[in-house]
Amino acid sequence: MLRSPRNKIVVSSSIDCSNDFSLPLDFCFKHLEKFQDVLKEPPRGKLKKCPETGKYKTNGIKFSYNQLSSYEDLNTVLDSLLVDPKSLEWLDISYNDFTSVDKVILDYPNLKILNLEGNSIEKLSELDKLAALPNLQSITIQGNPIESTQGYKNYILARLPHLKKFNSAPITKQDKAGATLSSRGKQWKGAKHT
């Protein structure tokens, strides 16, 4: 809440990138091994298909808690499921077996939230690709092997300066200052870049 010049309380919307999301299409806990398997499974929840297109009108999709390890057919599956796949803003592929960040994610330039938590990503350089997503505001990567790399947060914040949230927490001015200092000093010992 804010106070206006006349001491009236003014309610402002939170600066939170999740305010403008529709109900996500949910394929969590489906034991999926490939994205193509999604086409054989009904989604969880009550989201209904558009009668005109036979597709779902949503800007978010969740594939968490499965056994996915390859991005193969992600585009095809999203094209089959979503009315407007290019308007995808929220992608949750947490708790799977991904070891990389595939460039296929860059096909969704409106992506604002990306959840990669609980995967097997070891190389910080995998996240460099995400700098090409101009609207990315929030990334969650905790629970990946890269988390044990000294200075990994500063590395990511230096490469993705437009982020507003990191591992579900707001990015502070101190976080940004630390990332700037670290990038000047290249303080990413032990980082796997290849």
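Trainee: What makes D26 and R44 a salt bridge?

Mentor: This is a predicted model, and in it the closest N and O atoms of D26 and R44 are 3.6 Å apart. The cut-off is within 4 Å, so the pair counts as a salt bridge. D26 lies in strand β3 and R44 in the loop between β3 and β4, so the pair ties together parts 18 residues apart in sequence.

Trainee: Why is D26 called buried?

Mentor: Its relative accessibility is 14%. Buried means under 20%, so D26 makes the cut.

Trainee: And what do we call R44, with a relative accessible area of 41%?

Mentor: Partly exposed. That label covers values between the 20% and 50% cut-offs, so 41% fits.

Trainee: How do you know that K153 and D175 form a salt bridge?

Mentor: Same kind of check: their closest N and O atoms are 3.3 Å apart, and the limit is 4 Å. K153 is in helix α3 and D175 in helix α4, so this pair links parts 22 residues apart in sequence.

Trainee: Is D175 buried or exposed?

Mentor: Buried, because 17% relative accessibility is under the 20% cut-off. K153, at 31%, is partly exposed.

Trainee: Let's switch to helix α1. Which of its residues are buried?

Mentor: L74, V77, L78 and L81.

Trainee: How do you know that they line one face of the helix?

Mentor: Look down the axis of α1: the buried residues fall within an arc of 95°, so they line one face. They pack against β3 and β4.

Notes: Residues numbered from 1 in each chain as written. Predicted model: local features only at pLDDT ≥ 70, side-chain atom pairs only at ≥ 80, totals over all residues. Heavy atoms only, no water. Buried < 20%, exposed > 50% of the residue type's maximum accessible area, 1.4 Å probe, protein only. Helix = DSSP H or I, 4+ residues; strand = E, 2+ residues; numbered from the N terminus. Arc of directions from axis to C-beta. Contact = heavy atoms within 4.5 Å. Salt bridge = Lys/Arg side-chain N within 4 Å of Asp/Glu carboxyl O.
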